[in-house]
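Take a moment to look at the sequence and the model side by side before reading on. The paragraphs below go from whole chains to single helices and then to single residues.

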Amino acid sequence: MPVPAPPTGRRGKNKRLRDRMNPRLFAWVLAIPATLFVALGLGLPVLSTFATTIGEAAGPLQPYIAFFTSGFRRTVLWRTMEVSLITTAISVVVGFATAWVVARAPGRIKSLLIIAAVFPLLTSVVVRSFAWMVILGKNGIVNTALLGLGFIGEPLSMLYTEGAVIVAMVYLFVPLMILTLVGVLEGIPRDLTDAATSLGATPAAAFRQVVLPMAVPGLIVGAVLVFTGSFTSYATPQLLGGERQMMMGTFLYQRAMVTFDWVGASTIAAVMTIVTLATVLVMSRLARKLNPVTG
Amino acid sequence: MMSRTHPLLVAFAGLTFIFLIGPLIIIIGTALSDTTFLTFPPQGLSLRWFENIFEISAFRTTMVTSFMLAVGGTALSLLIGVPAAYAMARYRVELPKFLPNVFVLPILVPEIVLGFSLMKSVATGLGFPIFTSLLIGHALLVLPYCVRVVGASLNSFDFSIEEAAVSLGCPRWKSFFTVVLPNVRAGVIAAFILAFITSINDVSISIFLTGPGISTLPIQLLAHMEQFFDPTIAAVSVLLMGVTVAVMAVVEWTLGLTFLTK
């Protein structure tokens, strides 16, 4: 590592400079551009969006009352909740089982599997959703295969259904879950399960009483990522759900950019933010509580 | 004692990986098809849809915009994020405890809410040009990666080395560039890669901020899909997968792919 030689004769000047600038001030000078950027670029605009929803003449909570009394908007909210919860549940199970195998795979195979999980994760969401349009479409692979085998007389319409959105979302989030959990499972020392089984625990008991409690915080972190990611997604519900399966993200876009109802759009934005923040706060508290090390 | 993984579980994991990789292979197949509609397995092999990408000027210009935005947004974010990360690692006591949380906000606030708010306040409200608004949005989007990844590297850096340089007479700015930065090089590269890929794939922020004349590649792809459902989309998708391959190659070359599971 390059450590420069001390320049002679300048020591005194430098000392004076350091004395002038106190550490607190120096630290703030370095941190202030980024802090201001977040405050002005994110803080103010987002607060202004929230302000739009409570500055209404009809009453401060009017947009929210309108939101929750409208059958259509409630349907969108519940559909988004439902799709996100189902996606999360499937991703947790599939991700955990797969991560278990990956974590125990021998070195070379393991890195190959990790590459296979990272690759889709780094590829555009539009591309990954498009793939499912090709697979599930009227002339898609599934329909062609089913028609060819004579199982169905005419093509099924699978696009623009809740199922299509869920399949594509699971596809989107399983790699994230796998990678999160591989790290967690690798962190659990093999000695612990070995100790449990050598003391007489069945493999199932060792899994339930040793592995699972240690994996729970990681499972919660992964589940929160999947849930909030699904809840606030735009491209996937747009492409696979369309107008028929409107979700919060696509609904927000439609209100803002198609009908120009900015108060309505701001209300959707506020509801999305509140649900996201509440989920993160509650679940991270739960993760801390259930963590055998810190809880 | 080493218990072997149950064969059923291994089979399940195998199916998961087929599920993960299969759709991408299907896209490559459809992109190579000679037909004017999307079909798999491909009928006839041709590269005409790849040529078609470059014949559609909207794809050419949005590719350039996306690239400039990813590089510009990431550079801006590193420029302000690295000093902040340094300050928070080096002067933890001097700065307020809540400060690191400020840099989590862009992840915590849903991307689409940030996109909508920027459109409402910055692009429409303040009348900022489209590219500037996009740049602000993308820099905000990637700032958490820059601050946290570089911050993680800085946290494991022994600042007494820097102190040694400074007490031997090296100016602070010079010690930062010659002592601190070379030691957190891996963190900066990792932050750049993560930020670049996040920015180039972004939809939720850009969808609100793109306007007449300026758009990004994913948004252009969405717009194209609404009008034409032809193999050009698959060809662009393959091109984007090429970007992923390039990024992964860079990761492997600079940091090693194991970095991605840490």
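Before the details, one should keep in mind that this is a predicted model. A good place to begin is helix 2 of chain B, where the face turned away from the buried side carries the exposed residues E51(B) and E55(B). On the other side of the picture, W49(B), F50(B), N52(B) and I53(B) are the buried residues of this helix, which covers residues 48-55 of chain B. When one looks down the axis of helix 2 of chain B, these buried residues fall within an arc of 155°, so they line one face of the helix. The general reason such a pattern can arise is that an α-helix has 3.6 residues a turn, so residues three or four places apart point the same way. What do the buried residues of helix 2 of chain B pack against? Their partners are helix 1 (7-31), helix 3 (57-90) and helix 13 (231-254), which belong to chain B as well.

Helix 12 of chain B, which runs over residues 217-227, offers another case, for it is mostly covered, with eight of its 11 residues buried. Those buried residues are L217(B), P218(B), I219(B), Q220(B), L221(B), L222(B), H224(B) and M225(B). Their packing involves both chains: from chain A come helix 6 (125-136) and helix 11 (235-241), while chain B itself contributes helix 3, helix 10 (185-201), helix 11 (206-209) and helix 13.

With these two helices in mind, one can step back to chain B as a whole. Its secondary structure comes to 13 helices and zero strands, and of its 262 residues, 53% count as buried. Along the principal axes, the C-alpha trace of chain B spans about 70 × 65 × 30 Å. Where contacts in chain B join residues at least 6 apart in sequence, 67% of them link residues at least 24 apart. The surface that chain B exposes is about 11,400 Å², and carbon and sulfur atoms supply 70% of it. As for charge, chain B has 12 positive and 12 negative charges, and the mean positions of the two sets are 12 Å apart.

A single residue of chain B, S175(B), can be followed more closely, and its place is in helix 9, which covers residues 172-183. Is S175(B) buried or exposed? With a relative accessible area of 0%, S175(B) is buried, because buried here means under 20%. Leaving aside residues up to four places away in sequence, S175(B) touches E162(B), A165(B), V166(B), C170(B) and V180(B). The C-alpha atoms of S175(B) and A164(B), which lie 11 residues apart along the chain, are separated by 9.6 Å.

Turning to chain A, one finds 13 helices and zero strands. The radius of gyration of chain A is 26 Å, well over the 19 Å that the globule rule gives for 295 residues, so chain A is more spread out than a compact globule. Its C-alpha trace spans about 90 × 70 × 35 Å along the principal axes. Of the 295 residues of chain A, 48% count as buried, and its accessible surface comes to about 14,100 Å², of which 68% belongs to carbon and sulfur atoms. Among the contacts in chain A with a separation of 6 or more, 71% are between residues 24 or more positions apart. Chain A has 23 positive and 10 negative charges, whose mean positions are 16 Å apart.

Two loop residues of chain A deserve a look at their backbone angles. Y160(A), in the loop between helix 7 (141-148) and helix 8 (162-186), has a positive phi of about 60° although it is not a glycine. Its relative accessible area is 31%, and Y160(A) is therefore partly exposed. F260(A), in the loop between helix 12 (248-258) and helix 13 (262-290) of chain A, also is not a glycine and has a positive phi, near 55°. At 57% relative accessibility, F260(A) counts as exposed.

The last stop is T276(A), which is found in helix 13 of chain A. Which residues does T276(A) touch, not counting residues up to four places away in sequence? They are T228(A), T232(A), L108(B) and P110(B), so that residues of chain A and chain B both appear in the list. With a relative accessible area of 6%, T276(A) is buried.

Technical notes: Residues are numbered from 1 along each chain as its sequence is written. Chains are lettered from A and ligands numbered from 1 in the order in which they are written. This is a predicted model: local features need pLDDT of at least 70, side-chain atom pairs count only at pLDDT 80 or more; totals for chains, interfaces and linings use all residues. Side-chain values use heavy atoms; hydrogens and water are left out. Buried means under 20% relative accessible area, exposed over 50%, partly exposed in between (1.4 Å probe, protein chains only). Helices (H or I, at least four residues) and strands (E, at least two) are DSSP runs, numbered from the N terminus. The arc is that of the directions from the helix axis to the C-beta atoms. Contact means heavy atoms within 4.5 Å. The radius of gyration is taken over C-alpha atoms; the globule rule is 2.2 Å times the number of residues to the power 0.38. Accessible areas come from the Shrake-Rupley method with a 1.4 Å probe; for residues, only the protein chains shown count as cover. Lys and Arg count as positive and Asp and Glu as negative; His and the chain ends are not counted. The place of a charge is taken as NZ of Lys, CZ of Arg, CG of Asp or CD of Glu.
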